[in-house]
Every structure is written in structure tokens, then in C-alpha cells.
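Welcome to a short tour of a protein fold. Take a moment to look over the sequence and turn the structure around before reading on.

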Amino acid sequence: MGKQLHLISDGRLTLSEFASIASKVEPFVDFFHLREKKRSSLELYNGVQLLVNKGIPLRKIIVNDRVDVASVFSIGIQLAFHSLPVRIVKSHFPGMLIGRSIHSIEEAIAAEKEGADFVIYGHVYMTDSKRNLPPKGLNDLRCIKEKSDIPVIAIGGITPANAAEVIQSGTDGIAVMSGILYADNPVQAAQCYANQLN
């Protein structure tokens, strides 16, 4: 299997705007995450419907935190530190694709033990969304990959220019927000990332 490209919504675009971009870049993107911390479960339900109506397969859609919405559509879930524990979700929805956001080797090991299918680790480089926090760099990413048997996806400040060195660290893919969502040409940007990955 090739390296994965995940596109994550940032809560600033409308769900309709995100779905519109998603429909254009779909051939290059493996997973689309609805990361909408301020939206209700009904809004997220409608957001998933928007993506589906724009031609995004359900197997490519992951919703953050809201297990209720994920279970309605039988789609993936991305769990954060404040979400339900992986083992709880896994016990109730054994077939659900479960990702866990992590920030350390210890969290990676714990997520895998609890049954997570993949983890998203970051932030690797300086990024506007985490301006006050120093980036974690690639060393810990390499260590996590060495100690983990599940896919590790890197996030944070990844551009087409530095994507190759992230992949060379052993990671299984990258997650992107502004690099595609706010590119002058999102399709061209997505294609550039995809080319670097594979």
C-alpha cells in the first residue's frame, strides 16, 4: 500500500466550501477528516452528506471526536485526548476504523495497545495553528515508527517541499490542512503532495 494523504478541515471554511475542494482533489487524497470542534453533531451529519453528495466515498471519510456521527454512517473516527478512549469505542464498534491523535511515544504505544488502527502524530514543523508550541521534529517520529506496528501519519507544517523528508523518516503518510485548502490551486497542491508521497 502506498503512503497516505489525509486532508483535514480546519473549522474556518464552511462545510460546503470544504466539500467543494474535496470533490476536486479526491483522486489524490486517501482520507478526508471533518475536524470541526465548534459544530454540532447535526451539522457534522450534514457535512458528511455534503461530502457524499460531492462524490467522496464513505470509506474515505473520517469524523473527529463524534462517535455518534461516525456510527450512523459506519465511517472512521479520529479520537483526541478529550474523546472517548479507543478501547471503549472499539468494544462497541469493533468494525470501525479508529485513529488516535498523539503527541508522544508513550501515547503512541498506549493507542496501539488499546486497539487504534492508526495514529496521527504532530506537529512536526512550525505551523500557524500551533504558533505558541515548538515543533516536535522528525526524531520522535522515527522512534514512534520503530516502536509501532500500526500506521503513523505525520501532521503539522508539512509542505510539498518537506514532505519527502517526512516520508523518509518512515512515516506511513501525512495529514494536511492549509497546504491544500488555501493553496491558489488546491488540485495542483494535492497532486504535488501525492507525487512526493509515492
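Here is a briefing on the strands, the helices and a few unusual backbone spots. Keep in mind that this is a predicted model. At its heart for our tour is a closed barrel of eight strands, which pair in parallel. We will also visit two pairs of packed helices, α5 with α6 and α1 with α2.

**The barrel**

- Going around the closed barrel, the order of strands is β1-β2-β3-β4-β5-β6-β7-β8.
- On average, neighbouring strands of this sheet are turned by 25° against each other, ignoring direction.
- As background, strands of a sheet pair through backbone hydrogen bonds, in either a parallel or an antiparallel way.
- Strand β3 (residues 61-64) pairs with strand β4 (residues 76-79) in the parallel sense, over three bridges. Within this part of the barrel, valine 63 stands opposite isoleucine 77 of β4.
- β4 also runs parallel to β5, and three bridges join them. Here leucine 79 has arginine 100 of β5 as its bridge partner.

**A closer look at β5**

- Is β5 buried or exposed? Five of its five residues are buried, so β5 is largely enclosed by the rest of the structure.
- In a regular strand, side chains alternate between the two faces of the sheet.
- You can follow this in β5: Ile98, Arg100 and Ile102 point one way, while Gly99 and Ser101 point the other way. All of these residues are buried.

**Helices lying across strands**

- Helix α5 lies across β5 (98-102) and β6 (118-122), and runs at about 165° to β5.
- Helix α9 (residues 186-197) lies across β1 (4-8) and β8 (173-176), and runs at about 150° to β1.

**Helices packed on helices**

- Two packed helices are described by the angle between their axes and the distance between the axes.
- For helix α5 (residues 105-114) and helix α6 (residues 139-147), the packing angle is about 25° and the axes are 9 Å apart. An angle under 35 degrees counts as roughly parallel, so α5 is roughly parallel to α6.
- The crossing of α5 past α6 is right-handed.
- Which residues of α5 meet α6? They are Ile105, Ala108, Ile109 and Glu112, and they meet Asp140, Cys143, Ile144 and Lys147 of α6. By class, the residues of this contact of α5 with α6 are five nonpolar, no polar and three charged.
- Helix α1 (residues 15-25) and helix α2 (residues 41-53) cross at roughly 25°, and their axes come within 9 Å. α1 and α2 are therefore roughly parallel to each other.
- The contact between them uses Leu15, Ser16, Phe18, Ala19 and Ala22 from α1, together with Glu43, Gly47, Leu50 and Leu51 from α2. In this contact of α1 with α2 there are six nonpolar, two polar and one charged residues.

**Unusual backbone spots**

- Most residues other than glycine have a negative phi, and most peptide bonds are trans.
- Where is the cis peptide bond? It joins glycine 122 and histidine 123, with omega at about 0°. Histidine 123 lies in the loop between β6 and α6.
- Aspartate 65 has a positive phi, near 75°. This residue is in the loop between β3 and α3 (67-73), and at 29% relative accessibility aspartate 65 counts as partly exposed.
- Serine 74 also has a positive phi, near 55°. Serine 74 sits in the loop between α3 and β4 and is exposed, with a relative accessible area of 66%.

Technical notes: Residues are numbered from 1 along each chain as its sequence is written. This is a predicted model: local features need pLDDT of at least 70, side-chain atom pairs count only at pLDDT 80 or more; totals for chains, interfaces and linings use all residues. Side-chain values use heavy atoms; hydrogens and water are left out. Axes are lines fitted to C-alpha atoms, for helices over the stretch in contact, and angles run from 0 to 180 degrees between N-to-C directions. Helices (H or I, at least four residues) and strands (E, at least two) are DSSP runs, numbered from the N terminus. Angles under 35 degrees count as roughly parallel, over 145 as roughly antiparallel, 65 to 115 as roughly perpendicular and the rest as oblique. A crossing is left-handed if the near helix is turned anticlockwise from the far one by less than a right angle, and right-handed if clockwise. Contact means heavy atoms within 4.5 Å. Ala, Val, Leu, Ile, Met, Phe, Trp, Tyr, Cys and Pro count as nonpolar, Asp, Glu, Lys and Arg as charged, and the others, Gly among them, as polar. Two strands pair if DSSP finds at least two bridges between them. Buried means under 20% relative accessible area, exposed over 50%, partly exposed in between (1.4 Å probe, protein chains only).
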